Amino acid sequence: MNVTVIGTGFVGVVTAVVYSSLGHRVWGLDIDQHKIDSLRQGDVPFWEPDLAKLLTDQLRSGRLTFTTNYQTAVAESEVVIIAVGTPSTPEGEADLRYVWAACESLAPHLQPEAVVAIKSTVPPGTLPSAERIIVKHDGPRQPIMAALPEFLREGSAVADTLKPDRVVIGAVNQHAIDQLTKLHQDFAAKIVVVSPESAQLGKYAANAYLAARITFINQVADLCQRSGANVEEVIEVIGHDQRIGRHYWYPGFGYGGSCFPKDVNELAAYSRRVNESDNLFNKLSQLNSERIPKLMDQYASQVGGFADKQVAVLGLAFKPHTNDMREAPSLKVIPYLLNARATVIGYDPQALDQVDRYLQPHPQLEFEDSISTAVDQADIIMALIEWPQITEFEFAKTKADKEQWFIDARNQFDQAGLLAAGYRYLGVGI
């Protein structure tokens, strides 16, 4: 099939590359000439496992082309996918200006039988507005519209796209359903066809539920801290209930990244707009934003304060296998430590090139590309993110001949082993 993907951010690039790898003729379209020039050279503007090689392979195949020209990209496409960003407004709602701009620009070049599928995360009710914009700007009189939400995880986006849990098609037009089913026929996944509104709300609901699950177990961890219980043992108890399961329990510093905080806030804003504000969604963000300061205050009291101490902060990205630092724990932890007059040494296997975008220079802040160097003579080691490079590191070999605290922010380490090595250990809810 001939496919156009509008927007070459994280979702757009991964989507375009994967569709091309399945044999489709794909145009990646963006108005940012610099991004297009870089992608034409095979340069990915972010780090994602397996993506760079797959991009290079598809460029060489001739099936994947990047352009800034709407006419070139859209005129012959059977499916046009809108994957532009939808940042939150100050009020927390989804800012749809880039979706509207894409609809306006694609309209005069759109074939009457082409399907316009919005992959961007948007609230229910977006499709009719998009349709009106396309008609107004010389598009077909009855555009064929659909919702096509994405469920990618940073760090495993290529695998998630090739082998998704499900492909959700939100459409009522049978031609749209048929074309999008055809586009995804080589995916080993169940295709779920629902209304556009259900598809759009389903995307928000999925991320809000996962965020709520993280928040829930953090609340349980707080109770464990008060009662002498161990949150990992509590997870073992509840996890054998098949209605609950043992997966996706992550006690720690809360959720972060580019999706969960944004989507929870937008779902809460949508609920307020439709007069359903007395709900869980409007509480989740508050609990999550309070999480790190609360834990850092607790740790400060346990280690005797951070002033005049050297702290190694291991893991700067918001999760392993990505260099994305948006809403990462490190962005709250490091300023907290600096304000407490600590000296901070940061380490991350992939995110060091992103540090300048998110953290201001400070005389007490530096970064190292080696764990051994970062933890050398540290008074406190904080393992924030479960990168394999961190969790598999042999900290016993770098134990200094002095008191050292080890703060395990994700309960990933062998407490007994660290204690035997001479560290004083602190976890979350244990």
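Here are a few friendly notes on some helices, strands and buried residues in this predicted model.

1. Let's begin with the pair formed by helix α12 (residues 281-303) and helix α13 (residues 330-339). Their axes come within 10 Å and cross at roughly 40°, which makes α12 oblique to α13. The crossing in which α12 passes α13 is right-handed.

2. If you would like to look at that contact in detail, α12 contributes N288, S289, I292, P293, M296, D297 and A300, while α13 supplies K332, V333, Y336 and L337. Sorted by class, the contact of α12 with α13 has seven nonpolar, two polar and two charged residues.

3. Helix α13 also has strands beside it: α13 lies across β9 (310-314), β10 (343-347), β11 and β12 (380-383). Relative to β9, α13 runs at about 175°, and an angle over 145 degrees counts as roughly antiparallel.

4. Within α13, S330 is worth a look. S330 counts as buried because its relative accessibility is 1%, under the 20% cut-off. Leaving aside neighbours within four places in sequence, S330 is in contact with G315, L316, M325, P335 and L384.

5. Now for the sheet itself. Six strands form an open sheet in the order β11-β10-β9-β12-β13-β14, and the pairing is parallel. At the edges are β11 (365-368) and β14 (424-426), each of which pairs on one side only. On average, neighbouring strands of this sheet are turned by 20° against each other, direction ignored.

6. At the β14 edge, the partner is strand β13 (residues 405-408), and three bridges join β13 and β14 in the parallel sense. As a landmark for viewing this pair, I407 stands opposite L426 in β14.

7. Elsewhere in the chain, strand β7 (residues 166-170) is mostly covered, with four of its five residues buried. Strand β7 runs parallel to strand β8 (residues 190-194), and five bridges join them. Here R166 stands opposite K190 in β8.

8. My last point concerns L180, a residue of helix α8 (residues 174-183). L180 is buried, because its relative accessible area is 0%. Setting aside neighbours within four places in sequence, L180 is in contact with V79, V115, A117, A146, L148 and I169. Along the chain L180 and I191 are eleven residues apart, and their C-alpha atoms are separated by 9.6 Å.

How values were computed. Residues are numbered from 1 along each chain as its sequence is written. This is a predicted model: local features need pLDDT of at least 70, side-chain atom pairs count only at pLDDT 80 or more; totals for chains, interfaces and linings use all residues. Side-chain values use heavy atoms; hydrogens and water are left out. Axes are lines fitted to C-alpha atoms, for helices over the stretch in contact, and angles run from 0 to 180 degrees between N-to-C directions. Helices (H or I, at least four residues) and strands (E, at least two) are DSSP runs, numbered from the N terminus. Angles under 35 degrees count as roughly parallel, over 145 as roughly antiparallel, 65 to 115 as roughly perpendicular and the rest as oblique. A crossing is left-handed if the near helix is turned anticlockwise from the far one by less than a right angle, and right-handed if clockwise. Contact means heavy atoms within 4.5 Å. Ala, Val, Leu, Ile, Met, Phe, Trp, Tyr, Cys and Pro count as nonpolar, Asp, Glu, Lys and Arg as charged, and the others, Gly among them, as polar. Buried means under 20% relative accessible area, exposed over 50%, partly exposed in between (1.4 Å probe, protein chains only). Two strands pair if DSSP finds at least two bridges between them.
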